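Hi there,

Here is the structure I promised to pass along. My notes on it follow below, and I hope they are of use to you.

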Amino acid sequence: MKEIVFIAHPIPETGIDRLRERFEVSVHPDIRPLETPALAEKLAGCSGVISLLCDRIDGAVMDRCPQLKIIANHAVGYENIDVAAAKKRGILVTNTPGVLTAATAEIAFALLITLTRRIIEADRFTRAGRFIGWDPLLLRGDELAGRTLGIIGMGRIGQDMARKCRAFDMRILYHNRGPVDPETERALSAEYVSLDDLLARSDAVSIHAPSTPETRHLIDAGALEKMKPGAYLINTARGDIVHEAALADALAAGKIKGAGLDVYEFEPKVTRGLPDLENVVLLPHIGSATHEARDRMSAMAADNVIAALTGRTPPNLVPEMTER
Ligand code: DGY
């Protein structure tokens, strides 16, 4: 009998087709995430699952799925999975690193330039028929060239954002768990600084860190207070890194000039107050939403499942899996 693989949401066919060649595959047809008990029920009897970042998989769920050998997250982040609990039960956990780097950095850059050049406002203005002729005083924004970008989290995506912003002649500061290797630092002309220094010196701050207990509310009222007056904030990483109520207050007070968010503290809910503000651009978590990235994520998640269920080590085990 074929082993069963459950896919918790519709994903691009690339990965589904690969899995169907070997396993019995069941795809949950609804884009709304399954509640934990329903997910556990679906997983009972399955050997593998492809999960999304909105599927909470903890030890209790795992205990109800004795045949489960692999949880392949269709995302680079994996804070939705209790990796320690999986490890204890001999269940492998994988993610999709590397394949969504350019896509996510592109959306971070898009948010940055959308804010600084007032693109949404300008589009609304034109659609409303208010463009009556070229006007030297109309919709002036802030030039990126010569300004300073502060990157929080200098992993793959942070580095790619740095590269893109270097091409626009920005200066790069970064804060990370530790400095990146000197060669990368040199190539990006990036300066490693403390968080306080970064907040005080950056004209725009872009978050690219994972969600961990250490990064939760890293950008709270105190941090926002330390930011340069009139700076911009971009978050394409995880919502809980920003205290969104404090951000809404700072934006309403004009302390922060604008914010571009692709992720939310209480995702998919958007914190009250934010949608009422003109100086905010809100996206529905589409950082990796290119055809290329999503196809690669789907294929990568499937390859991880295939490896695990055919007795090989999946290529993209999350780092905690290999730590002793
Ligand atoms: C991830 O991969 O973690 C993103 O947030 C979704 O692409």
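Accessible areas here come from the Shrake-Rupley method with a 1.4 Å probe, and for residues only the protein chains shown count as cover. On that footing, the chain exposes about 15900 Å², and carbon and sulfur atoms supply 53% of that area.

Some housekeeping before the rest. This is a predicted model, in which local features need pLDDT of at least 70 and side-chain atom pairs count only at pLDDT 80 or more, while totals for chains, interfaces and linings use all residues. Residues are numbered from 1 along each chain as its sequence is written, and side-chain values use heavy atoms, with hydrogens and water left out.

**The chain as a whole**

The chain holds 13 helices and 12 strands; these are DSSP runs numbered from the N terminus (helices are H or I with at least four residues, strands are E with at least two). Its radius of gyration is 21 Å, which agrees with the value near 20 Å for a compact globule of 324 residues. That radius is taken over C-alpha atoms, and the globule rule is 2.2 Å times the number of residues to the power 0.38. Along the principal axes, the C-alpha atoms fill a box of roughly 70 × 50 × 30 Å.

Of the 324 residues, 50% are buried (buried means under 20% relative accessible area, exposed over 50%, partly exposed in between, with a 1.4 Å probe and protein chains only). Among contacts (heavy atoms within 4.5 Å) with a separation of 6 or more, 58% link residues 24 or more positions apart.

As for charge, there are 39 positive and 44 negative ones, and their mean positions are 1 Å apart. Lys and Arg count as positive and Asp and Glu as negative, with His and the chain ends not counted; each charge is placed at NZ of Lys, CZ of Arg, CG of Asp or CD of Glu.

**The core**

A nonpolar core here is a set of buried Ala, Val, Leu, Ile, Met, Phe, Trp, Tyr and Cys residues joined through side-chain atoms within 4.5 Å. The largest one has 32 residues, and those with the most contacts inside it include Leu112, Leu149, Ile151 and Met154. At least two residues each come from helix 5 (101–116), strand 6 (148–152), helix 7 (156–167), strand 7 (171–175), strand 10 (231–235) and helix 12 (291–309). Helix 5 gives the most, with 8 residues.

**His74 and Ser51**

His74 sits in the loop between strand 4 (70–73) and helix 4 (83–88), and counts as buried because its relative accessibility is 7%. Beyond its neighbours within four places in sequence, the contacts of His74 include Ile11, Pro12, Ser51, Arg294 and Ala301. Ser51, in strand 3 (residues 48–51), is buried with a relative accessible area of 0%. Outside the residues up to four places away in sequence, Ser51 touches His74, with Ala8, Ile57 and Asn80 also among its contacts. Ser51 and Ala301 are 250 residues apart along the chain, yet their C-alpha atoms are separated by 9.1 Å.

**Backbone points to check in your viewer**

Most residues other than glycine have a negative phi, and most peptide bonds are trans. Against that background, a cis peptide bond joins Glu267 and Pro268, with omega about 5°. Pro268 belongs to the loop between strand 11 (256–261) and strand 12 (280–282).

Two residues that are not glycine have a positive phi: Leu139 at about 50° and Asp169 at about 65°. Leu139 is in the loop between helix 6 (119–127) and strand 6, and is partly exposed at 22% relative accessibility. Asp169 is in the loop between helix 7 and strand 7, and its 53% relative accessibility makes it exposed.

**Tyr192 and Arg32**

Tyr192 lies in strand 8 (residues 190–192) and is partly exposed, with a relative accessible area of 32%. His175 is 17 residues away along the chain, with 5.8 Å between the two C-alpha atoms. Setting aside neighbours within four places in sequence, Tyr192 is in contact with His175 and also with Tyr174, Arg177 and Glu185, among others.

Arg32 is in the loop between strand 2 (24–27) and helix 2 (36–43), and is exposed at 58% relative accessible area. Arg32 and His9 are 23 residues apart in sequence and 7.9 Å apart in space, C-alpha to C-alpha.

Best wishes
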